[in-house]
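Please examine the sequence and the structure shown below before attempting the exercises. Each task is followed by a worked solution.

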Amino acid sequence: MKGLLRVLTVATLVGLLAACAAPAATGPRITIQDPWARPGAMGMGMEHGHGMSHGGGSTSAVYFVAINDGDQPDVLIGAASDVAEKVEIHETKMEGDVAKMQPVPRVEIPARGRVEFRPRGLHIMLIGLKRDLKVGDTFNLTLRFEKSGEIPISVTVKEMP
Ligand SMILES: [Cu+2]
């Protein structure tokens, strides 16, 4: 009886230790590196967020590198900013010689991985700018992740490289 009790106690202790250690060791850990946006001007007239290019009009696009140091994936599911009427996750794809943008509902950031948002690839589209975005300006953008929740970032406006 005494032996059985001891085994049970040890088993309970091991179980408790595992339960305590688990939450700290698992989960995604997202950081956003070098967020920047191309310049854009507040515009009147029609939206052309889904045109052939990012040139002109009242749109801009935000680029960065999403890094996940955690041991579980996370998923970017949306973004918001005060500087635009609409903020969407987009991807540019080549169809023959034509670059086409399309909205993307989810972007997975793999465990211990990274995803680059860059010109001619994934980007955060700002549609219907409410103010001019000039080189050197900064503005706030909030990225929404499935597990990590909202991550606010400060974006700097830069000339397209
Ligand atoms: Cu776009």
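The exercises concern a predicted model and proceed from the whole chain to single residues.

**Exercise 1. Confidence**

Task: State the mean pLDDT of the protein chain, and find where pLDDT stays under 50.

Solution.
Step 1. The mean pLDDT of the protein chain is 85. A value of 70 or more is reached by 76% of its residues.
Step 2. Over residues 44–56, pLDDT stays under 50. For this stretch the model has 13 contacts beyond four places in sequence.
Step 3. Predicted coordinates should not be read in detail where pLDDT is low.

**Exercise 2. Overall arrangement**

Task: How many helices and strands does the protein chain have, and in what pattern do they follow along the sequence?

Solution.
Step 1. The secondary structure comprises one helix and 10 strands.
Step 2. Along the sequence, the pattern reads α-β-β-β-β-β-β-β-β-β-β.
Step 3. Of the contacts with a separation of 6 or more, 73% link residues 24 or more positions apart.

**Exercise 3. Partners of strand S3**

Task: Determine how strand S3 (residues 74–80) runs relative to S6 and to S9, parallel or antiparallel.

Solution.
Step 1. S3 and strand S6 (residues 107–109) are joined by three bridges and run antiparallel. Within this pairing, Leu76 has Val107 as its bridge partner.
Step 2. S3 and strand S9 (residues 138–145) are joined by four bridges and also run antiparallel. Here Gly78 stands opposite Arg144.

**Exercise 4. Buried or exposed?**

Task: Classify Phe117, Ala99, Asp34 and Arg120 as buried, partly exposed or exposed.

Solution.
Step 1. A residue is buried if 20 or more other C-beta atoms lie within 10 Å of its own, and exposed if 12 or fewer do; in between, it is partly exposed.
Step 2. Phe117, in strand S7 (residues 113–117), has 22 such neighbours and is therefore buried.
Step 3. Ala99, in strand S5 (residues 98–103), has 14 and therefore counts as partly exposed.
Step 4. Asp34, in strand S1 (residues 30–37), has 10, so Asp34 is exposed.
Step 5. Arg120, in the loop between S7 and strand S8 (122–129), has 12, so Arg120 is exposed.
Step 6. Buried residues make up 22% of the 161 residues in the chain.

**Exercise 5. Backbone angles and distances**

Task: What is the sign of phi in Asp34 and in Arg120, and how far in space is Arg120 from Ala99?

Solution.
Step 1. Phi is positive in Asp34, near 50°, although this residue is not glycine.
Step 2. Arg120, likewise not a glycine, has a positive phi of about 70°.
Step 3. Ala99 and Arg120 are 21 residues apart in sequence, and their C-alpha atoms are 7.7 Å apart.

**Exercise 6. The nonpolar core**

Task: Which strand gives the most residues to the largest nonpolar core, and which residues does Val62 touch?

Solution.
Step 1. The largest nonpolar core has 21 residues; among those with the most contacts inside it are Ala61, Val62 and Leu141.
Step 2. At least two residues of this core come from each of strand S2 (59–68), S3, strand S4 (84–95), S8 and S9. S2 gives the most, with five residues.
Step 3. Beyond four places in sequence, Val62 touches Pro35, Ala37, His123, Ile124, Leu126, Leu141 and Val155.
Step 4. In soluble globular proteins, nonpolar side chains tend to be buried together.

Definitions and conventions. Residues are numbered from 1 along each chain as its sequence is written. This is a predicted model: local features need pLDDT of at least 70, side-chain atom pairs count only at pLDDT 80 or more; totals for chains, interfaces and linings use all residues. pLDDT is the predictor's confidence in each residue, from 0 to 100. Two residues are in contact if their C-beta atoms, placed from the backbone, lie within 7 Å. Two strands pair if DSSP finds at least two bridges between them. A nonpolar core is a set of buried Ala, Val, Leu, Ile, Met, Phe, Trp, Tyr and Cys residues joined through C-beta atoms within 7 Å.
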